[in-house]
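Visitor: Please take me closely through one part of this model, starting from a single residue and working outward, and state the cut-off behind each term as you use it.

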Amino acid sequence: YGVNFFFSSTVMRTAVARPTLNVTGPEISVAKNEQDVNAKPAILVDPQDIIEADLAQRGQSKKKGKKGKKDAKPGSLLGEPKAYPLKESDKFHVIPNFLSDEEIQHMLGLAENIWVRSEVTTVETDSGVRLSSEYRTSYSGMLNYNMTPMLQSLEERMCKACGVDIKYLERLNIVRYTPGQYFKLHHDGHFRSKTAFLYLNDLPAGDDGETQFPQLGLKFVPRKGLAIAWANVLETGKEDLDTVHQGLPPKTATKYGVNFFFSSTVMRTAVARPTLNVTGPEISVAKNEQDVNAKPAILVDPQDIIEADLAQRGQSKKKGKKGKKDAKPGSLLGEPKAYPLKESDKFHVIPNFLSDEEIQHMLGLAENIWVRSEVTTVETDSGVRLSSEYRTSYSGMLNYNMTPMLQSLEERMCKACGVDIKYLERLNIVRYTPGQYFKLHHDGHFRSKTAFLYLNDLPAGDDGETQFPQLGLKFVPRKGLAIAWANVLETGKEDLDTVHQGLPPKTATKYGVNFFF
């Protein structure tokens, strides 16, 4: 077992930029009511006419007495959706009849067991602290990329309708607003080029729950299957503050929707193409160590560092030795320490990072969310997924601060790696059963640093190492140990020395966590 801690080169935490509005109070641009901003009188936008016109144009109608000329394509309400400009404002397009009832139920089913309290962090402070429930009281769930074939179809369909390459699409964020819940005034961020918000249900007449854009004087009525899309930035690259918006609370019903956020940088887990002696597809994946200019492999087993760290911090696992003091509750030995690796100055190792209790807690969180690991290329326009030939492990994405214990682990790893928590992506827990692997890859120029945390030991001689062929190193998995490295050089280019692969274990299952920055 292990966990990847990935550190991105761009801010990853869902953030709220600070518009220059007449708002007093905290760092975030949240108003207590509509009067706190220079708002125009609100026009209620109900796209029912567009929905009906689109249905008629595409051969169906919901009005009584009208029959459609043709049926919808399987798995979709009416085949390819169409984006229509909004007559009330040229800043919006509306996409009616985007998905079918079957697809709506499928999405809600995927979210059933992953709802967590919605959070938002500031981008102006060094700490990237979460804002309190005063600002956002809804619930959210993060869906994995291409989690199912139907979800993959929805992602591809929205990208086509919005005219954005799928590699810029973040993980889908499904949201739930029960009566009285809201998300106050905010901007989706200059680091997101575009947003599309998809409504999954209608609300009763007069039940409120609209999406309001006070600067433009618009309030959108939720309509099942309708998406509204807008750009978050101007041509200058600055935030378009006209798109500051809020989710108003429904009165009696529950509103469901999905955020499709399009980042300004590549978001899909990607493999950069190193200039190695590798033949075949776009991705730099080798069939074996001989396919690259690899040095003879040195087996790095940090057991000595683990023991030295235990002794230094007052404990030892060796027989007959007792520690001078107990570990702090919930952590093996309190604050972890990063040690430079003697075999290469490109790595630090962080021994005894977490306790057995924390390991079991992380594995428990991942128990019902394992999906087949995937990876997409960044060289193609389509951002297509690579086949199972390249990566056969399973993964699970954990929500930010999902539990107090997980929050503590995130903060602890950021401190050990010397990176602000606002750059930390969602934790990616991975599982390699016997024979499963992830072939040669680079974590991407858009990630400044990676830390990989092993959650369990493997039997002696069982393989399953993390190999860096260009450096001639293979790391033996050790429970509670993390290895950390930079993905980029000072020039900002990929450090191709850190191309690596997860070798298959022979008989046991390996668990780990990716911390991507």
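Guide: What follows begins with one loop residue, moves to a cavity, and then turns to the wider chain and some of its side-chain pairings.

The model is predicted, so local features are considered only where pLDDT is at least 70 and side-chain atom pairs only at pLDDT 80 or more, although totals for chains, interfaces and linings use all residues. Residues are numbered from 1 along each chain as its sequence is written, and side-chain values use heavy atoms, with hydrogens and water left out.

The residue to begin with is Leu143, which sits in the loop between β8 (139-142) and α3 (149-162); helices here are DSSP runs of H or I with at least four residues, strands are runs of E with at least two, and both are numbered from the N terminus. Leu143 counts as buried because its relative accessibility is 0%, where buried means under 20% relative accessible area, exposed means over 50%, and partly exposed covers what lies in between, using a 1.4 Å probe and protein chains only. If neighbours within four places in sequence are set aside, Leu143 is in contact with Met107, Leu110, Ala111, Ile114, Leu151, Arg171 and Leu172, a contact being heavy atoms within 4.5 Å. Of these partners, Met107 is 36 residues away in sequence, while the two C-alpha atoms are 9.0 Å apart in space.

Ile114, which is in contact with Leu143, leads on to a cavity. Ile114 lines the second largest cavity together with Met142, Asn144, Met147, Ile369, Met397, Leu398, Asn399 and Met402. A cavity is a set of points on a 1 Å grid over the protein atoms alone where a 1.4 Å probe fits but cannot get out, and lining residues have an atom within 4 Å of such a point. This second largest cavity holds about 110 Å³ of space, and the structure has 2 cavities of 30 Å³ or more; grid points are joined across faces, edges and corners, and the volume is the space filled by probe spheres set on them.

The loop and the cavity belong to a chain with 6 helices and 31 strands, in which buried residues make up 56% of the 517 residues. Among contacts between residues at least 6 apart in sequence, 78% join residues at least 24 apart. The chain exposes about 22,400 Å², of which carbon and sulfur atoms supply 49%, with accessible areas taken from the Shrake-Rupley method and a 1.4 Å probe.

Across the whole structure, 16 salt bridges are found, each being a side-chain nitrogen of Lys or Arg within 4 Å of a carboxyl oxygen of Asp or Glu. One of them pairs Lys415 with Glu335 at 3.8 Å, N to O; because Lys415 lies in helix α6 (residues 404-417) and Glu335 in the loop between α4 (303-312) and β19 (339-341), the pair ties together parts 80 residues apart in sequence. Lys415 is exposed at 60% relative accessible area, whereas Glu335 is partly exposed at 44%. Another joins Asp497 and Lys346 at 3.6 Å, N to O, and since Asp497 lies in the loop between β29 (482-486) and β30 (500-502) and Lys346 in strand β20 (residues 344-350), this pair ties together parts 151 residues apart in sequence. Asp497 is partly exposed at 28%, and Lys346 is partly exposed at 27%.

In the salt bridge between Arg447 and Glu425, the closest N and O atoms are 2.8 Å apart; Arg447 lies in the loop between β25 (438-441) and β26 (449-454) and Glu425 in the loop between α6 and β24 (428-432), so the pair ties together parts 22 residues apart in sequence. Both Arg447 and Glu425 are buried. Lys91, Asp240 and Asp242 are also linked, in a network of salt bridges.

Two further residues show polar pairing. Thr211, in strand β12 (residues 211-213), is buried at 6% relative accessible area, and a polar contact of 2.6 Å joins its side chain to that of Tyr199; a polar contact is a pair of N or O atoms within 3.5 Å, where within protein one must be able to donate a hydrogen and the other to accept it, and residues adjacent in sequence count only if both atoms are side-chain atoms. Tyr84, in strand β4 (residues 84-86), is buried at 15%, and its side chain makes a polar contact of 2.6 Å with that of Asp54. Ile228 is among the residues that Thr211 touches, and the C-alpha atoms of Tyr84 and Ile228, 144 residues apart along the chain, are separated by 9.6 Å.

Note on methods
1 Å grid on protein atoms, 1.4 Å probe; cavity = no way out; pocket = protein on both sides within 12 Å on 5 of 7 lines; lining within 4 Å.
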